[in-house]
Amino acid sequence: MSLAIATDGTTPRQNWLERLGAGHIILAVVLVLYPLVASDFFLTQIGGYSLIFGMMGLSLMLLAGYGGMVSLAQITVAGISAYAIAILGNNNSNILGFGWPWWLAVPFAVLAAALASALIGWISVRTEGIYTIMITLAIATATYYFAQQNYAIFNGHSGYAGIRAPAFWGIGWRDPKPFYYLCLGLAVLSYAAVLYGSRSTFGMTLQAIRDNPRRMRALGYHVTAHKVFAWLLAGVIAGLAGVLLVWFNGRVSPGTIGVDAAIDVLIIAVIGGLRHPIGPFLGAVVVILMQTFAIDIVGAERFNTLIGLVFLVIVFVSPDGILGLWGRIKPHLAQESLRPGS
């Protein structure tokens, strides 16, 4: 009697836990339980702030990592959303402030950021490399000076103050724990969307355009349209981060969208790693921790020097950032674990 095993040549489908992976599950548990052990300061100034800037870095990672388009205008896009919240909602500056409810102001603010991002993309996608960086830097600089000198819309140097996060369902969403979970929820949603999008038809097409735009154009793909749409999607993420940022600070001014802030977003994305969506969040944690604690050690005058040195060391050791460095170390750790004990 023989035993026959029928195979259809297909691999068994993984359930959703297996697709998530152990790393994502452990990280999710840590982030959800973090408020149980963290003080209010660490919840907002470290946790919430890192998630906000991680989202801005994520929007840059989407453009640079998948599309090959490095942008220095992501803080500008986030700033447009923040200004829109101040103008459409309520503020204490006695300038504009239409009093819209948050559930109406937020979608319009994110839409304004997305359209502005698409416009910036439409202008810059006709260039490549350093020229894209310079064009987006010029746009960011021009927007900063325009906001500083315009009083009819942006209220000049003072900007807008007294902007409050909403309160609904009996919860004040600027309170430490609710605000942290709000930032975490939007960050997870953005991260999941980028991760899913990278594996979609559009995401694979965008990466192919990054690698060889001429071949994709010869195959009949509209290269410019794909790039501009990527800018639109990145603008949605940056716009959400801008809403959280203005609720976090309670104000927005030209200093919020300054060139130094634009460079900070680039540093965050590069330090963490531009080839994976989790990289910008890792880079944000590193930079925010340094800004919070190291500045008291080295002083404000030398802090930029410290940031620059850390940036150079990480890029020199691992061009792919901290995640790239971990990718190099991980195989060696695996080999060590397979060795028999002495």
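**A walk from a salt bridge to a pocket to a helix**

Start by selecting Asp-211: at a relative accessible area of 56%, this residue is exposed. Keep in mind as you go that you're looking at a predicted model.

Now add Arg-210 to the selection. Asp-211 and Arg-210 form a salt bridge, with 3.0 Å between the closest N and O atoms. Arg-210 counts as partly exposed, at 32% relative accessibility. No need to hunt for a second pair: the structure holds 1 salt bridge.

Next stop, the largest pocket, which contains about 1100 Å³ of space. To land in it, select His-24, Leu-27, Leu-31, Tyr-191 and Ile-278, the closest to the pocket's centre of the 32 residues that line it. Then colour the helices around it. Which ones each supply at least two residues of the lining? Those are H1 (16-20), H2 (22-37), H3 (40-67), H7 (176-198) and H12 (279-298). H2 gives the most to this lining, with 9 residues. Colour the lining by class and you'll get 24 nonpolar, 6 polar and 2 charged residues.

Last, go to helix H13, residues 300-317. Put a distance between its end C-alpha atoms and you should read 26 Å, which agrees with the 26 Å span expected for 18 residues at 1.5 Å a residue. Show the side chains of Phe-303, Ile-307 and Ile-314, the buried residues of H13. Look down the axis of H13: its buried residues fall within an arc of 40°, so they line one face of the helix. Now spin to the face turned away from that buried side, where you'll find the exposed residues Glu-301, Arg-302, Leu-309, Leu-312, Val-313 and Phe-316.

Notes: Residues are numbered from 1 along each chain as its sequence is written. This is a predicted model: local features need pLDDT of at least 70, side-chain atom pairs count only at pLDDT 80 or more; totals for chains, interfaces and linings use all residues. Side-chain values use heavy atoms; hydrogens and water are left out. A salt bridge is a side-chain nitrogen of Lys or Arg within 4 Å of a carboxyl oxygen of Asp or Glu. Buried means under 20% relative accessible area, exposed over 50%, partly exposed in between (1.4 Å probe, protein chains only). On a 1 Å grid over the protein atoms alone, a cavity is a set of points where a 1.4 Å probe fits but cannot get out, and a pocket is an open set with protein on both sides within 12 Å along at least five of seven lines; lining residues have an atom within 4 Å of a point. Grid points are joined across faces, edges and corners, and a volume is the space filled by probe spheres set on the points. Helices (H or I, at least four residues) and strands (E, at least two) are DSSP runs, numbered from the N terminus. Ala, Val, Leu, Ile, Met, Phe, Trp, Tyr, Cys and Pro count as nonpolar, Asp, Glu, Lys and Arg as charged, and the others, Gly among them, as polar. The expected span of a helix is 1.5 Å times one less than its number of residues. The arc is that of the directions from the helix axis to the C-beta atoms.
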